[in-house]
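Reader: I am new to this structure and would like a close look at a single part of it, taken slowly and with the terms explained along the way.

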Amino acid sequence: MVYRLENLNWMEFQKLVPKKIDTIILPVGTIEAHGVITLGTDVQIPQKIAEMIAEDLKAIIAPPVYYGVTRSLYHYPGSLSVTSQTFENYLYEIIDSMAEKGFSKIVVINGHGGHLNELKNAAFKVHKARKAKIAVVHWWILCEDITKQVYGVAGGHGAVDETAGILAIDKSLVKEDLYKKGMTYKFDEALSVVPVPSSIILYKENEGYPDFDEKKAKIYMQKVAEKIKKMVLEVFRKWEGLKL
């Protein structure tokens, strides 16, 4: 059975945490342009992954954090942002509250590359104060090999990997008719450009163009979820041997 924190009442929570469940999953992302897929892509994919792995992790799913640090795509219509310090403080207080309420293992599934340091800092501060065990998973980085395995190419932003994630969730959220190959932009470490000339960003030359095969997308997301679940369970196993 998959429990969602917002659907429990306080008496149910009291019976479950921490006696029966000591793990919570927090999906985190931001709201920003992603080519022909949703502004909420960076949250919707982590949320779907959480749904796919929560039962095996014996975890409760927390409501997601939708608002993060959006920089290079901020001026695209619909993109929203908070400051780095606001985001870090907010995440710290959320995770700290979770630890205080009895969750000794906290898994953050992150979908956005713009706030990696803030997540790391918030997690460490909570661990230092509460001794809670926290795993922050940047799903697209961990699953680069899955993207290569299923699609034979590297991923990107609003590209093949994220398009697959949204396609597997709800194909109606993917507007294939709006896509044109010339919309993409190849990321170059030698350049710092604001705003980025396209919200579909390729990390390797001629690799990562969106693929609209729904069947392949579902296979991809299943493999992504399996890899993340396996990795987190292995971390849990090794945590058990720690005497902290």
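How many residues line the largest pocket, and which of them lie nearest its centre?

Author: This is a predicted model, in which local features need pLDDT of at least 70 and side-chain atom pairs count only at pLDDT 80 or more, while totals for chains, interfaces and linings use all residues. Residues are numbered from 1 along each chain as its sequence is written, and side-chain values use heavy atoms, with hydrogens and water left out.

The largest pocket is lined by 26 residues, and Ser72, Gly113, Phe187, Ile201 and Tyr203 are those that lie nearest its centre. A pocket here is an open set of points, on a 1 Å grid over the protein atoms alone, where a 1.4 Å probe fits, with protein on both sides within 12 Å along at least five of seven lines, and a lining residue has an atom within 4 Å of a point. The space in the largest pocket comes to about 730 Å³, where a volume is the space filled by probe spheres set on the grid points, which are joined across faces, edges and corners. Sorted by class, its lining holds twelve nonpolar, eight polar and six charged residues; Ala, Val, Leu, Ile, Met, Phe, Trp, Tyr, Cys and Pro count as nonpolar, Asp, Glu, Lys and Arg as charged, and the others, Gly among them, as polar. At least two lining residues come from each of α5 (139-142) and β6 (156-157), helices (H or I, at least four residues) and strands (E, at least two) being DSSP runs numbered from the N terminus.

Tyr203 also appears in the lining of the second largest pocket, together with residues that include Trp140, Ile141, Glu144 and Lys204. The volume of this second pocket is about 210 Å³, and its lining divides into five nonpolar, three polar and four charged residues. Helices α5 and α6 (144-151) each give at least two residues to that lining, and the largest share, three residues, comes from α6.

Both α5 and α6 are also among the elements against which the buried residues of helix α7 pack, the others being α2, β6 and α8 (214-240). Helix α7 (residues 160-169) is mostly covered, since nine of its ten residues are buried, buried meaning under 20% relative accessible area with a 1.4 Å probe and protein chains only. Asp161, which is one of the residues lining the second largest pocket, is among the buried residues of α7.

On the side of α2 (residues 41-57), one residue to follow is Ile45, which is buried with a relative accessible area of 0%. Leaving aside neighbours within four places in sequence, Ile45 is in contact (heavy atoms within 4.5 Å) with Trp139, Glu162, Gly165, Ile166, Ile169 and Met221. Ile45 and Met221 stand 176 residues apart in sequence, yet their C-alpha atoms are 9.1 Å apart in space.

Strand β2 (residues 23-28) is joined to strand β3 (residues 59-61) by three bridges, and the two run parallel. The chain passes from β2 through α2 to β3 in a right-handed β-α-β crossover, meaning that, with the strands pointing away from the viewer, the path from the first strand over the helix to the second runs clockwise. Six bridges, again parallel, join β2 to strand β4 (residues 105-110), and two strands pair if DSSP finds at least two bridges between them. Ile25 of β2 stands opposite Ile61 in β3 and opposite Val107 in β4.

Conventions
Buried < 20%, exposed > 50% of the residue type's maximum accessible area, 1.4 Å probe, protein only.
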